[in-house]
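Could you walk me through this model in my viewer, one selection at a time? I would like to know what to pick next and what I will find there.

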Amino acid sequence: NYLIISLCSLLLVACGGGGSSSPNTSAVISLEDLSVDGPSTKLKSGATFQISAAALYSDSSSVDISSEVDWESDNEAVLSISDNGLVSALSAGITQINATYLEQTASTIIEVIDLDAIEITSIPTTLAIGSTTQLAASGTYSDASIAEFTSLVAWSSSDTSVATISDEGILSIIGAGNSTISIEHNALYDQ
């Protein structure tokens, strides 16, 4: 009987005295929300913009998942979007871009504006031979906003023996006569 008791005591010592130890536990971090970062201003038709998406976790961390979410445009005639979040503005309008990841969805609203007209905003009627002057051009968008277009348009003179004009809109008077100055941009014209 004494021998059996001694063996049991040794076994208990080898097993840590038979007492209980605290289990190893680790915090479970879960996805709490998604965020989508869209453009801060309206997009002009023809422009592109990289939208980003972030996963927000329960430990307050965030991870960029732009290439992992499922992107969708509510109106692909206005905006298209690639698998990695590159938006292409196609025509005037307002649409919503949605990002879905692990059953969470976030979205952003984007407005696209079209260029409606271009205009030469300053052109003198009479200039002395040998003189030069800077002309300017502007563009008007579908939301009535106006932008500087002097260096964006293609300038031309109807009679280069009378006047020439540079790509930057600098008009040079060569000789006597009449010449019409014109501008063109994306099939829009003014003179």
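Here is a short tour of a predicted model, with a sheet, an aromatic pair and two pockets as stops.

Start with the sheet: select β12, β17 and β16, which lie in that order in an open sheet of 3 strands with antiparallel pairing. β12 (132-134) and β16 (163-165) are the edge strands; each has a single partner strand, so one side of each has no neighbour in the sheet. On average, neighbouring strands here are turned by 20 degrees against each other, direction ignored.

Now zoom in on β12 and β17 (residues 170-173), which are joined by 3 bridges in the antiparallel sense. Pick Gln 134, and you will see Ile 170 of β17 opposite.

Stay with β17's residue range and show Ile 173 with Pro 124, Thr 125, Gly 177 and Ser 179: of the 15 residues lining the largest pocket, these are the closest to its centre. The volume of this pocket is about 290 Å³. Colour its lining by residue class and you get 9 nonpolar, 6 polar and no charged residues.

Next, select Tyr 141 and Phe 149. Their rings make a tilted aromatic pair, 6.3 Å centre to centre with 50 degrees between the planes, and the whole structure holds 1 such aromatic pair. Tyr 141 is buried at 8% relative accessibility, and Phe 149 is buried too, at 3%.

Keep both rings selected and add Lys 44, Ser 45, Leu 115, Leu 152, His 185, Asn 186 and Leu 188: together they line the second largest pocket. That pocket has a volume of about 150 Å³, and its lining divides into 5 nonpolar, 3 polar and 1 charged.

How values were computed. Residues numbered from 1 in each chain as written. Predicted model: local features only at pLDDT ≥ 70, side-chain atom pairs only at ≥ 80, totals over all residues. Heavy atoms only, no water. Pairing = 2+ DSSP bridges. Helix = DSSP H or I, 4+ residues; strand = E, 2+ residues; numbered from the N terminus. Axes fitted to C-alpha atoms, helices over the stretch in contact; angles between N-to-C directions. Phe/Tyr/Trp six-rings, centres within 6.5 Å; stacked < 30°, edge-to-face > 60°. Buried < 20%, exposed > 50% of the residue type's maximum accessible area, 1.4 Å probe, protein only. 1 Å grid on protein atoms, 1.4 Å probe; cavity = no way out; pocket = protein on both sides within 12 Å on 5 of 7 lines; lining within 4 Å. Points joined across faces, edges and corners; volume = space filled by probe spheres on them. Nonpolar A, V, L, I, M, F, W, Y, C, P; charged D, E, K, R; others polar.
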